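Thanks for coming. I will go through one structure today, starting with a single loop residue and working outward from there. Please have the sequence and the model open.

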Amino acid sequence: MTETLGPSEALAVADELRDVYFSAFGAPGYDETPEKADQFATEQLPLHATRPGFKLVLTRSAGAITGFAYGFTGDRGQWWSDRIAEVAPEIADVWVGGHFEIVELAVATSAQRQGLGAELHDALLAGLPHNKALLSTYVDDRPAPRLYRRKGWHLLLPELTPNAALYGKQL
Ligand SMILES: CC(C)(COP(=O)(O)OP(=O)(O)OC[C@H]1O[C@@H](n2cnc3c(N)ncnc32)[C@H](O)[C@@H]1OP(=O)(O)O)[C@@H](O)C(=O)NCCC(=O)NCCS
């Protein structure tokens, strides 16, 4: 069962989201630092919460947040969209602008492999007015790219940034 949050509700739980972020991305093999998790909660999320179409979904267990996913309406003039336009203008012409951009999907390590990632993915995309969506994820074989491919995402660009591939999905 997921909950859907708008910008101010999401910022109100930023500290808890930070802890889930650090559990997922601080795990061995991901190796992000506590400082990066802090930056997620104090800079990245507040910036993205101002973007049009911001939507965050989360799951809880006994009241505690176990996983979350969020995105917003992507457009040129944003760093990530401009990066796509720079690296692959022909892909940007078709995909960038008015798309839904999935920015993060994270499940705390203790709650993984129970279907929450798939549930969060589906809840985030459910009912969106957008007709296409974009995301970037790991190049190597791991749970996130496997999940996205199962969910019908297509590889558009093997290396958008070092170690990050670009995927697209028609909604
Ligand atoms: C990617 C991520 C969000 C997936 O979360 P999750 O809740 O474990 O996702 P799911 O449970 O839906 O699926 C994960 C795996 O568990 C399996 N699984 C799901 N339910 C299961 C169950 N009841 N019993 C056994 N396995 C199960 C799935 O088949 C899948 O297997 P696979 O990795 O071999 O393809 C999580 O691994 C994570 O947070 N990773 C670190 C951060 C990250 O990579 N985020 C994405 C960045 S783009």
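I start with Arg113, which is exposed, with a relative accessible area of 81%. The cut-off for calling a residue exposed is over 50%, so Arg113 qualifies. Keep in mind that this is a predicted model. Arg113 sits in the loop that runs between β4 and α6. Its phi is near 60 degrees, a positive value, and the residue is not a glycine.

There is a second residue of this kind. Asn163 also is not a glycine, and it has a positive phi of about 70 degrees. Its place is the loop between β6 and β7. How accessible is Asn163? The relative accessible area is 42%, so Asn163 counts as partly exposed.

Now the two elements on either side of the Arg113 loop. On one side is β4. Eight of its nine residues are buried, so the rest of the structure largely encloses this strand. On the other side is helix α6, residues 116-125. Seven of its 10 residues are buried, so α6 too is largely enclosed by the rest of the structure.

Which residues of α6 are buried? They are Leu116, Gly117, Leu120, His121, Ala123, Leu124 and Leu125. As a reminder, an α-helix has 3.6 residues a turn, so residues three or four places apart point the same way. As for what the buried residues of α6 pack against, the list is β1, β2, β3, β4, β7 and helix α7, residues 143-150. Just after α6 comes Gly127, with a positive phi of about 75 degrees.

Next, the sheet. It is an open sheet of seven strands, and the order across it is β1-β2-β3-β4-β5-β7-β6, with mixed pairing. Which strands are at the edges? They are β1, residues 2-5, and β6, residues 154-161, and each of these pairs on one side only. On average, neighbouring strands in this sheet are turned by 25 degrees against each other, ignoring direction.

Let me take some of the pairings in turn. β3 and β4 run antiparallel and are joined by eight bridges. One example is Phe72, whose bridge partner in β4 is Glu101. On to β4 and β5: these run parallel, with two bridges between them. Here Phe100 has Ala133 of β5 as its bridge partner. Then β6 and β7, residues 164-170, which are antiparallel and joined by four bridges. In that pair, Leu155 is bridged to Tyr167 of β7.

Two helices that pack on the sheet come next. Helix α3, residues 34-48, touches β2 (55-61), β3 (64-74) and β4 (99-107), and its direction makes about 40 degrees with that of β3. Helix α4, residues 79-87, touches β3, β4, β5 (132-138), β6 and β7. The direction of α4 makes about 95 degrees with that of β6.

While we are at β2, one residue there is Ser61. With a relative accessible area of 43%, Ser61 is partly exposed. Ser61 and Ala111 are 50 residues apart in sequence, while their C-alpha atoms are 9.0 Å apart in space.

Last, the helix pair. Helix α2, residues 14-25, packs with α3 at an angle of about 140 degrees, and the axes are 9 Å apart. That angle makes α2 oblique to α3. Roughly antiparallel would need an angle over 145 degrees. The crossing of the two helices is right-handed.

Who makes the contact? From α2 we have Ala14, Leu17, Arg18, Tyr21 and Phe22. From α3 we have Pro34, Lys36, Ala37, Asp38, Phe40, Ala41 and Leu45. Sorted by class, the contact of α2 with α3 has nine nonpolar residues, three charged and no polar ones.

One of those α2 residues deserves a closer look: Arg18, in helix α2. Is Arg18 buried or exposed? Its relative accessibility is 17%, so it counts as buried. Setting aside neighbours within four places in sequence, Arg18 is in contact with Pro34, Ala37, Asp38, Phe40 and Ala41.

To close, compare the two arginines: Arg113 is exposed at 81%, whereas Arg18 is buried at 17%. That is what I have for today.

Terms used:
Residues are numbered from 1 along each chain as its sequence is written. This is a predicted model: local features need pLDDT of at least 70, side-chain atom pairs count only at pLDDT 80 or more; totals for chains, interfaces and linings use all residues. Side-chain values use heavy atoms; hydrogens and water are left out. Two strands pair if DSSP finds at least two bridges between them. Axes are lines fitted to C-alpha atoms, for helices over the stretch in contact, and angles run from 0 to 180 degrees between N-to-C directions. Contact means heavy atoms within 4.5 Å. Buried means under 20% relative accessible area, exposed over 50%, partly exposed in between (1.4 Å probe, protein chains only). Angles under 35 degrees count as roughly parallel, over 145 as roughly antiparallel, 65 to 115 as roughly perpendicular and the rest as oblique. A crossing is left-handed if the near helix is turned anticlockwise from the far one by less than a right angle, and right-handed if clockwise. Ala, Val, Leu, Ile, Met, Phe, Trp, Tyr, Cys and Pro count as nonpolar, Asp, Glu, Lys and Arg as charged, and the others, Gly among them, as polar.
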